[in-house]
Amino acid sequence: MPITRIAPLEPPYEAEVAAAFERVMPPGMPALKLFRTQAHNKRVLQRMFAGNLLDKGSIDLRERELIILRTCARCGSEYEWGVHVALFAEKAGLTKADIAASLRADPDLSLLSAKEILLFKTVDELHDSSGISDALWMALTHYYNAAQLLEIINLTGSYHTVSFITNAVIVELESFAPRFAEFR
């Protein structure tokens with residue numbers, strides 16, 4: 001693996017950075033390498049945390065995590081994909097087959113519900129064209145209201161940004177996180 005371009009900060013952290021990490025990390029878990037890398041710019045770190053969509057939103061946890069996994073997979077962000085598999089997949093009720101589907105160019109859609117298939121198609125269209133076709137939009141409106149559709153689009157965009165960071169900076173993979181190869 002290539003060497004990271006910006007090394008993550010190491011403790012001890014400035015008080016403001018330490019407080020930010022404490023707010024977002026589970027008790028006893030050290031700050032993620034992505035966060036420690038972003039901490040080189042405290043403003044960017046704070047804005048990243050302020051724009052975080054990992055709270056209880058208008059879509060359910062399983063849908064949120066499928067969107068994130070598919071987005072990170074399409075962007076080739078093994079770092080962020082692996083972190084989400086490790087920290088959220090079980091809680092979201094994702095099976096190994098669901099996780100593997102997020103990586104496949106042509107996933108076995110029989111594993112997913114009709115709504116979940118639409119979410120994968122939405123991520124794919126946003127990734128490929130930065131838009132959503134009229135036909136897909138109409139299909140989505142059968143399941144999702146305006147607030148939910150905006151959340152889906154924002155989640156996809158947010159995780160494109162996270163993927164850009166992890167890929168451009170070459171954030172070193174977390175030791176606890178699975179790798180793409182484990183699910184291919």
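**Notebook: helices, rings and odd backbone spots**

I began with helix α5 and listed its buried residues: Y79, E80, W81, G82, V83, H84, V85, F88 and A89. That makes nine of the 12 residues in α5, so I noted the helix as mostly covered. I should add here that I am reading a predicted model.

Next I looked up what does the covering. Around the buried residues of α5 I found, among others, α2 (33–38), α4, α6 and α9.

**Entry: α4 against α6**

Two of those covering elements also meet each other, and I checked how. For α4 (residues 61–75) and α6 (residues 96–103), the axes come within 7 Å and cross at roughly 40 degrees. I therefore wrote the two helices down as oblique to each other. On the α4 side I have R62, L69, R70 and A73, which meet D98, I99, A101, S102 and L103 of α6. I sorted the residues of this contact by character and got five nonpolar, one polar and three charged.

**Entry: aromatic rings**

How many aromatic pairs does the structure hold? I noted four. I took Y13 and F21 to begin with: the ring centres are 4.9 Å apart and the planes stand at 90 degrees, so I call this pair edge-to-face. Are the two partners buried or exposed? Y13 is partly exposed, at a relative accessible area of 24%, whereas F21 counts as buried at 5%. The cut-off I used for buried is under 20%.

Then I turned to W81 and F183. Here the centres are 5.6 Å apart and the planes meet at 75 degrees, so this pair is edge-to-face too. I was happy to see where the partners sit: W81 is in helix α5 (residues 78–89) and F183 in the segment after α9 (146–169), so the pair ties together parts 102 residues apart in sequence. Both W81 and F183 are buried. I also followed the ring pairs onward and found that they link W81, F180 and F183 into a cluster.

One more ring caught my eye in α5, where F88 is among the buried residues. R64 lies over the face of F88, at 5.0 Å from the ring centre.

**Entry: H160**

I looked up H160, which lies in helix α9. Its relative accessible area is 14%, so I count H160 as buried. What does H160 touch, leaving aside neighbours within four places in sequence? I found T71, C75 and H127 in contact with H160.

**Entry: backbone checks**

I went through the backbone for unusual values and kept three.

- P11 and P12 are joined by a cis peptide bond, with omega at about 5 degrees. I placed P12 in the segment before α1 (15–24).
- S130 has a positive phi, near 60 degrees, and is not a glycine. I found S130 in the loop between α7 (114–129) and α8 (134–141). With a relative accessible area of 68%, S130 is exposed.
- I170 is not a glycine either, yet has a positive phi of about 60 degrees. I located I170 in the segment after α9. I170 counts as buried, at 14% relative accessibility.

I set the two positive-phi residues side by side before closing the page: S130 is exposed, whereas I170 is buried.

Definitions and conventions: Residues are numbered from 1 along each chain as its sequence is written. This is a predicted model: local features need pLDDT of at least 70, side-chain atom pairs count only at pLDDT 80 or more; totals for chains, interfaces and linings use all residues. Side-chain values use heavy atoms; hydrogens and water are left out. Axes are lines fitted to C-alpha atoms, for helices over the stretch in contact, and angles run from 0 to 180 degrees between N-to-C directions. Helices (H or I, at least four residues) and strands (E, at least two) are DSSP runs, numbered from the N terminus. Angles under 35 degrees count as roughly parallel, over 145 as roughly antiparallel, 65 to 115 as roughly perpendicular and the rest as oblique. Contact means heavy atoms within 4.5 Å. Ala, Val, Leu, Ile, Met, Phe, Trp, Tyr, Cys and Pro count as nonpolar, Asp, Glu, Lys and Arg as charged, and the others, Gly among them, as polar. Rings of Phe, Tyr and Trp (its six-membered ring) pair if their centres lie within 6.5 Å; planes under 30 degrees apart count as stacked, over 60 as edge-to-face and the rest as tilted. Buried means under 20% relative accessible area, exposed over 50%, partly exposed in between (1.4 Å probe, protein chains only). A charge sits over a ring if NZ of Lys or CZ of Arg is within 6 Å of the ring centre and within 35 degrees of the ring normal.
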